[in-house]
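Trainee: Hi, have you got a few minutes to go through a model with me? I'd like to get to know its surface and its charged pairs.

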Amino acid sequence: MPRYKVVDNIRSQLTAAEETARDKEEENAAKAEKEIKDADIAKANNKTSGKAKLKTGEALTDAEVEALFG
């Protein structure tokens, strides 16, 4: 399905080069979004793990300390 752009209120179909560039932009945006989501999950996991270790008296990793205390 072709994609379009609007420039000066004129709708025109993207060229092959523009399509390729747009695909790359979308791919990069998806990767960045996944990296952010993965970092948030890792921080939440470290926070949970750190709390459990504090309760049992085990040593914390640097990532767990950062997640708990900033």
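Mentor: Happy to! Let's settle one term before we start: a residue is called buried under 20% relative accessible area, exposed over 50%, and partly exposed in between. Please also keep in mind that this is a predicted model.

Trainee: Thanks. So how does K51 come out, buried, exposed or partly exposed?

Mentor: K51 has a relative accessible area of 46%, so it counts as partly exposed. As for its place, K51 sits in helix α1.

Trainee: Which residues share a charged patch with K51?

Mentor: K43, K47 and K55 gather with K51 in a patch of positive charge on the surface.

Trainee: And what about greasy spots? Which residues make a nonpolar surface patch?

Mentor: L54, V65 and F69 make one of about 300 Å². F69 belongs to helix α2, which covers residues 62-69.

Trainee: Is F69 buried or exposed?

Mentor: F69 is exposed, because its relative accessibility is 61% and the cut-off for exposed is over 50%.

Trainee: Okay, new topic: salt bridges. How many are there in the whole structure?

Mentor: A search of the whole structure gives 10. A good one to begin with is R3 with E19, where the closest N and O atoms are 2.9 Å apart.

Trainee: Why would I care where those two sit in the chain?

Mentor: R3 lies in the segment before β1 and E19 in helix α1, so this pair ties together parts that are 16 residues apart in sequence.

Trainee: Are R3 and E19 covered up or open to the outside?

Mentor: They fall into separate classes. R3 has 22% relative accessibility, so R3 counts as partly exposed. E19 has 18%, so E19 counts as buried.

Trainee: What else does E19 touch, leaving aside its neighbours within four places in sequence?

Mentor: With those neighbours left out, E19 is in contact with P2, R3 and L14. E19 itself is part of helix α1, which runs over residues 16-56.

Trainee: Which other acidic residue does R3 pair with?

Mentor: R3 also forms a salt bridge with D23, and there the closest N and O atoms are 2.3 Å apart. This pair links distant parts of the chain too, with R3 in the segment before β1 and D23 in helix α1, 20 residues apart. D23 is partly exposed, because its relative accessibility is 39%.

Trainee: R3 keeps coming up! Which residues are linked with R3 in a network of salt bridges?

Mentor: The network links R3 with E19, R22, D23, E25 and E26.

Trainee: Now the other end of helix α1's story: what does K53 pair with?

Mentor: K53 forms a salt bridge with E64, and their closest N and O atoms are 3.4 Å apart. Here the link goes from helix α1, where K53 lies, to helix α2, where E64 lies, and the two are 11 residues apart.

Trainee: Are K53 and E64 buried or exposed?

Mentor: Both K53 and E64 are buried.

Trainee: Let's switch to the backbone. What is phi for D8?

Mentor: Phi of D8 is near 55°, which is a positive value in a residue other than glycine. N9 also has a positive phi, about 60°, although N9 is not a glycine either.

Trainee: Where are D8 and N9?

Mentor: D8 lies in the loop between β1 (4-7) and β2 (10-13). N9 has its place in the loop between β1 and β2 as well.

Trainee: Would I find them buried or exposed?

Mentor: D8 is exposed, because its relative accessible area is 70%. N9 has 77%, so N9 is exposed as well.

Trainee: Last one: what does Y4 in strand β1 touch?

Mentor: Leaving aside neighbours within four places in sequence, Y4 is in contact with R11, S12, Q13 and L14. Y4 is partly exposed, because its relative accessible area is 41%.

Trainee: And how far is Y4 from K31, going by C-alpha atoms?

Mentor: Their C-alpha atoms are separated by 24 Å, and the two residues are 27 residues apart along the chain.

Trainee: Great, let me see if I've got the charged part straight. R3 pairs with E19 and with D23, while K53 pairs with E64.

Mentor: That's right, and remember that R3, E19 and D23 belong to a network that also includes R22, E25 and E26.

Key: Residues numbered from 1 in each chain as written. Predicted model: local features only at pLDDT ≥ 70, side-chain atom pairs only at ≥ 80, totals over all residues. Heavy atoms only, no water. Patch = residues over 30% accessible without salt bridge, like charges linked within 9 Å, V, L, I, M, F, W, Y side chains within 5 Å. Areas by Shrake-Rupley, 256 points an atom, 1.4 Å probe, with all protein chains shown as cover. Salt bridge = Lys/Arg side-chain N within 4 Å of Asp/Glu carboxyl O. Helix = DSSP H or I, 4+ residues; strand = E, 2+ residues; numbered from the N terminus. Buried < 20%, exposed > 50% of the residue type's maximum accessible area, 1.4 Å probe, protein only. Contact = heavy atoms within 4.5 Å. Lys, Arg positive; Asp, Glu negative; His and termini not counted. Charge placed at Lys NZ, Arg CZ, Asp CG, Glu CD.
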